[in-house]
Amino acid sequence: MTVAGESSTANNAATRLVVVSGMSGSGKTIALRALEDLDYYCVDNLPTALVPAFVTAVTQAQPGLHPRLAVGIDVRNRTEDLNRLPDMLGELARTGIEHRLIFLDARDDVLFKRYSDTRRRHPLTIARERELLEPVVSIAERVIDTSDLNVHQLRRLIATELGMAGGPLSLMFESFAYKRGVPADADFVFDARCLPNPHWDARLRPLSGKDAPVREWLAGKADVSQYLDDVQRFLDTWLPRFEADNRSYVTICVGCTGGRHRSVYLCERLAEHFRATRGQVLTFHRELE
């Protein structure tokens, strides 16, 4: 015989909840949008008291339809509800809901400038907001300082470090310019500087490897096609070894001189190849952002 509680726990076992909180102006909306791009069912500015009801409604209405959930919680919640958040998440964990809380922060001067630039009124003084959010930040598994991150860098960090964790192996293909250095988080690095360069064609120079004229030009070069085939075969062979090692994601970087043409083209083509067999394949073009 199966009791109701056991059935609920079984249904919840595959559900993952990410709670996104943080200071006003720290990038919570950007983080939620990044998770939404990774197929999370996202709700922003959810009253803390309604989190259990939200999770229950989604998981029981159509079990398995939305295995990944994300909610945004900010200082507009009642103080007593923010104080209850640790107990609330503990209760969800006991029903089998895997959860993680991330807190976005930034230096006071950065938060002030961001609000000044948007001409929006800050909901509270920054010091008062920090005081009210103390119960939340104290239980955060990850605190991210966004002071020196732009929009694209924050989205990429969420995608690679948080959005991809806990599932099948996910891939990030990143293009870069060698003159600005190799990305620090690269797992594989491929050097495309030996390939024909569209930069020397005045018609193609202003474009990027995402534009049709550049793609057609590179696709017509035998060396480029052979290079692409060789890299695909290499990754097809060795990526399963990373999966066997329980890796969550792998970053594959392709560099060229300027990071606009050859590396971008190759990353896009590689992503197209692997999207045919994998669910989570992202691209990031450092020099285009």
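This section describes the sheets, helix packing and internal spaces of a predicted model.

Two open sheets are considered in turn. In one, 5 strands are arranged in the order 2-3-1-4-5, and the pairing is parallel. The edges are occupied by strand 2 (41-43) and strand 5 (142-145); each has a single partner strand, so one side of each is left without a neighbour in the sheet. From one strand to the next, the twist averages 20°. The parallel pairing of strand 2 with strand 3 (residues 68-73) extends over 3 bridges, and within this pair Tyr-41 stands opposite Leu-69 of strand 3.

Helices 3 and 4 both pack on this sheet. Helix 3 (residues 51-61) touches strand 1 (16-22), strand 2 and strand 3, and the direction of helix 3 makes about 160° with that of strand 3. Helix 4 (residues 79-94) is in contact with strand 1, strand 3 and strand 4 (98-105); the angle between the directions of helix 4 and strand 4 is about 150°.

The other sheet is likewise open and is formed by 4 strands in the order 7-8-6-9, with parallel pairing. Strand 7 (188-191) and strand 9 (281-285) stand at its edges, and because each has a single partner strand, one side of each is left without a neighbour in the sheet. On average, and with direction ignored, neighbouring strands of this sheet are turned by 20° against each other. Strand 6 (residues 170-177) runs parallel to strand 8 and is joined to strand 8 by 8 bridges. In this pairing, Phe-173 is placed opposite Ile-252 of strand 8.

Helix 10 packs on the sheet through contacts with strand 6, strand 7 and strand 8, and its direction makes about 170° with that of strand 7. Helix 11 lies across strand 6, strand 8 and strand 9, at about 175° to strand 9.

Helix 11 (residues 262-275) also packs with helix 9 (residues 212-219), at an angle of about 85° and with the axes 10 Å apart. The two helices, helix 9 and helix 11, are therefore roughly perpendicular to each other. Helix 9 contributes Arg-215, Leu-218 and Ala-219 to the contact, while helix 11 contributes Arg-262, Tyr-265, Glu-268, Arg-269 and Glu-272. By class, the residues of this contact comprise 3 nonpolar, no polar and 5 charged.

The count of cavities of 30 Å³ or more comes to 1. The largest cavity has a volume of about 30 Å³ and is lined by Phe-190, Tyr-227, Leu-228, Val-231, Val-254, Leu-266 and Leu-270. Helix 10 (222-244) and helix 11 each supply at least two residues of this lining, and the largest share, 3 residues, comes from helix 10. The lining of the largest cavity divides into 7 nonpolar, no polar and no charged residues.

The second largest pocket holds about 350 Å³ of space. Its lining consists of 18 residues, of which Gln-153, Arg-156, Glu-174, Phe-284 and Arg-286 lie nearest the centre of the pocket. At least two lining residues are supplied by each of helix 8 (151-163) and strand 8 (249-256); helix 8 provides the largest share, 6 residues. In the lining of the second largest pocket, 5 residues are nonpolar, 5 polar and 8 charged.

Technical notes
Residues are numbered from 1 along each chain as its sequence is written. This is a predicted model: local features need pLDDT of at least 70, side-chain atom pairs count only at pLDDT 80 or more; totals for chains, interfaces and linings use all residues. Side-chain values use heavy atoms; hydrogens and water are left out. On a 1 Å grid over the protein atoms alone, a cavity is a set of points where a 1.4 Å probe fits but cannot get out, and a pocket is an open set with protein on both sides within 12 Å along at least five of seven lines; lining residues have an atom within 4 Å of a point. Grid points are joined across faces, edges and corners, and a volume is the space filled by probe spheres set on the points. Ala, Val, Leu, Ile, Met, Phe, Trp, Tyr, Cys and Pro count as nonpolar, Asp, Glu, Lys and Arg as charged, and the others, Gly among them, as polar. Two strands pair if DSSP finds at least two bridges between them. Axes are lines fitted to C-alpha atoms, for helices over the stretch in contact, and angles run from 0 to 180 degrees between N-to-C directions. Contact means heavy atoms within 4.5 Å. Angles under 35 degrees count as roughly parallel, over 145 as roughly antiparallel, 65 to 115 as roughly perpendicular and the rest as oblique.
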